[in-house]
Amino acid sequence: MPSLFAKPISELKGVGSKRAELFKKLGAPTVGALLRLYPRAYEDWSRPVHFDAAPLDTPCAVRAQVLQVGGPVFSKSGVMLLRVRVCDETGAAMSFVFFNNPYIPNLLHAGQMYLFYGKITVKDGRRQMVSPEFAEADHAPGMRPIYPQTKGLSSRLIEKAVAQALRLLPDVLRDPLAQTLRQQYALCELRYALENIHRPPNEESMQVARRRLAFEELLVLQLGMLTLKGRNREESAFRVEQDCTDAFWALLPFSPTAAQRRAAAEAVADMESGVPMNRLIQGDVGSGKTAVAAACCFVAAKNGMQAALMAPTDILAHQHFETLSKMLAPAGVRVALLTGAVKPKEKQACKEALLSGEIDVLVGTHALLTPDVQFCRLGLVITDEQHRFGVRQRAALAEKARGTHVLVMSATPIPRTLALMIYGDLDLSVLDELPPGRKPVATYCIDSAKRLRALRFLQKHVHAGRQCYVICPAIDGGEDKASVLSYAQKLSRTLPDVRVAVLHGRMKPKEKDAVMEAFANGKTDILVSTTVVEVGVDVPNATVILIENAERYGLSQLHQLRGRVGRGKEESYCILLTDAQTEQTRARMRILCETNDGFRVAESDLKLRGPGDFFGSRQHGLPALKIADLNDDMAVLRDAQAVAKAILREDPGLEAEAHRGLRAEVRQLFSSLQSD
Ligand code: ADP
Ligand code: MG
């Protein structure tokens, strides 16, 4: 790559060390990164309208001739006001108003044509523009970029820096997308793309640039994801010779749903095939994924393999350990637990037992991924709540699971196309059925005026022998958001007859386990917690969840939280408490109140949040997209995916000269990710 891209941003004129820090904050420490800091929107100056056709209160460009620049008028408070009389080509006239700008008479001249950009408003029955931006008609900017800003660094300053960077582009620019590829998919060159994403003369050229950059972004991401998986279909795998799932179902206190049977059968068929399984099980919260995982562990163990089940939190790992032990131990399957909380001595014993083959199923957190945890015949690796694992953990897992069967389970139901993107070429099983007798969780949205009533409602359920969750966004302190510790104190005063417990991420794993166990055993009534209970926790006796500051969470996350209740036969409730009055918040809460269907929630989430955001959120542990839009770029995604596969088939390590640029981008993408 030309060295320009690697140059620190401070080499640009007008960017001192202070400003360089601000650019860094926006993700642009180098000139190259600055060129990839795309505008989030544009002011469209390329299609000026007549006054009559101009919308009210919406920014637009108008083309007008200056008739007269008025003299300055001062208000009582000393604000200087200038009126400029203008008319458009139809002869319609209007006044534009400028405040505190003494230069206007030097910049706007009677008789000349200009483009003005601003909002037309109505004051005292007359239309006007207040402080519009303007440019001489012959030198108007086309589409003017609006950049993501930060305090002290305006969009205009960024625009200037970008213009400078574009001028510095070398004559010969290496394009990470090969010419043949660009031709095949009708993609423009890198130089055109960079120039026209930042300074497009019109919408069309911006779209041409955008499409190419989106393609490039999705291609790099796909290459990264596919490499990460490092899967190899030819590698030999442990083989299931004897399908004993029916024996497993007979161990359960309930009969499996048809969907559970189907998913388990599909997974077992994979394990019989002789090539490694790579399957994703998607099922809404409460659809019974654990039992499917247990079935697979059982079959694996009975066929001489060791299995590992990995959960994203200590709490969940502990719970899975209990559940699996209960199901499997009576059938002679040996289950063990390994988390960060396990004492060194026990850990050592556990590791030895693993190596000697005395353990069949190991349940744990990502502690399972450390190199010193070694199996003697690991045949199956399952990750629960896969979306909560970061990319680095996935990479470590792919390494550990090389040649073994892999089953991943996710409760974040994502549209199929998106699943394709995130999970690449995994096979998919869907648990589209809930165990019988479940009632939808009745969901309500209230504001803090009704908090006391809500708490009485919780109390009523406690008196009836049920349990409840209260979710707060913070652990302690903070005026603007509820915090677990002070909330629990207040709650104990408000409802003195209720046993309140607290749970949050800063507690030691052992303490968390103890609190969860007490709650699961009915020894406490209300659990005041942060979102650490969000994933997977299963206490069927809990029937009400009250979520404070509900506006702070994404829809999918709220749906996950809601999934902590409605796991038994009792009628269950989710109360979303928020004082946020924005239309956005209301729209989001409405969706949850209207549906219990995780797929619908996810789709709405995608629409409301914008896909870049949705994608980058911690729901998936993937990098945020800078330019591709998963609502609009599905076709581009499919193309990028096909190309990524073709490239890797030919050149798995991206070592060819032609792939140097792409390899650098893939590296950069993943090195910029924080493991979480
Ligand atoms: P999730 O898919 O959210 O991980 P779980 O595996 O935690 O769901 O199951 C939710 C609850 O449903 C558990 O209490 C589990 O025992 C119960 N369950 C699972 N499958 C069935 C079934 N077929 N019939 C009745 N209850 C079931
Ligand atoms: Mg689960």
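A salt bridge here is a side-chain nitrogen of Lys or Arg within 4 Å of a carboxyl oxygen of Asp or Glu. By this rule the count comes to 29 salt bridges.

The model is predicted: local features need pLDDT of at least 70 and side-chain atom pairs count only at pLDDT 80 or more, while totals for chains, interfaces and linings use all residues. Residues are numbered from 1 along each chain as its sequence is written, chains are lettered from A and ligands numbered from 1 in the order in which they are written, and side-chain values use heavy atoms, leaving out hydrogens and water.

**Exercise 1. Find out which parts of the chain the salt bridge of E159 and R144 ties together.**

Step 1. Start with the atoms: the side chains of E159 and R144 meet in a salt bridge, at 3.2 Å from N to O.

Step 2. Place both residues. Helices (H or I, at least four residues) and strands (E, at least two) are DSSP runs, numbered from the N terminus. E159 lies in helix α4 (residues 155-168) and R144 in strand β9 (residues 143-146), so the pair links parts that are 15 residues apart in sequence.

**Exercise 2. Work out the strand order of the open sheet of 7 strands, then see which helices lie on it.**

Step 1. Two strands pair if DSSP finds at least two bridges between them. Reading across the sheet gives β12-β13-β11-β14-β15-β10-β16, with parallel pairing.

Step 2. Look at the two ends: β12 (335-338) and β16 (427-431) are the edge strands, each pairing on one side only.

Step 3. Pick one pair inside the sheet. Strands β14 (residues 378-383) and β15 (residues 405-410) pair in the parallel sense over 4 bridges; V381 has V406 in β15 as its bridge partner.

Step 4. Now add the helices. Contact means heavy atoms within 4.5 Å, and axes are lines fitted to C-alpha atoms, for helices over the stretch in contact, with angles running from 0 to 180 degrees between N-to-C directions. Helix α9 (residues 258-272) lies across β10 (278-283), β14, β15 and β16, at about 160 degrees to β16. Helix α12 (residues 344-356) packs on the sheet too, touching β11 (306-310), β12 and β13 (361-364), and its direction makes about 135 degrees with that of β12.

**Exercise 3. Do likewise for the open sheet of 6 strands.**

Step 1. The order is β17-β22-β21-β18-β20-β19, with parallel pairing. Its edge strands are β17 (442-446) and β19 (500-503), each pairing on one side only.

Step 2. The twist averages 20 degrees from one strand to the next.

Step 3. Strands β21 (residues 542-547) and β22 (residues 573-577) run parallel and are joined by 4 bridges. I545 has C574 in β22 as its bridge partner.

Step 4. Helix α19 (residues 583-594) lies across β17 and β22, at about 155 degrees to β17.

**Exercise 4. Describe how domain 3 and domain 4 meet.**

Step 1. Domain bounds come from an automatic or database domain assignment. That assignment includes domain 3 (245-431) and domain 4 (442-595).

Step 2. The centres of domain 3 and domain 4, taken over C-alpha atoms, are 29 Å apart, and 16 residues of domain 3 are in contact with 19 residues of domain 4.

Step 3. Buried area is the accessible area (1.4 Å probe) that two parts lose on being put together, summed over both. Between domain 3 and domain 4 the buried area is about 1500 Å², with 57% from carbon and sulfur atoms.

Step 4. Finish with the charged pairs: the rule finds 0 salt bridges across the interface of domain 3 and domain 4.
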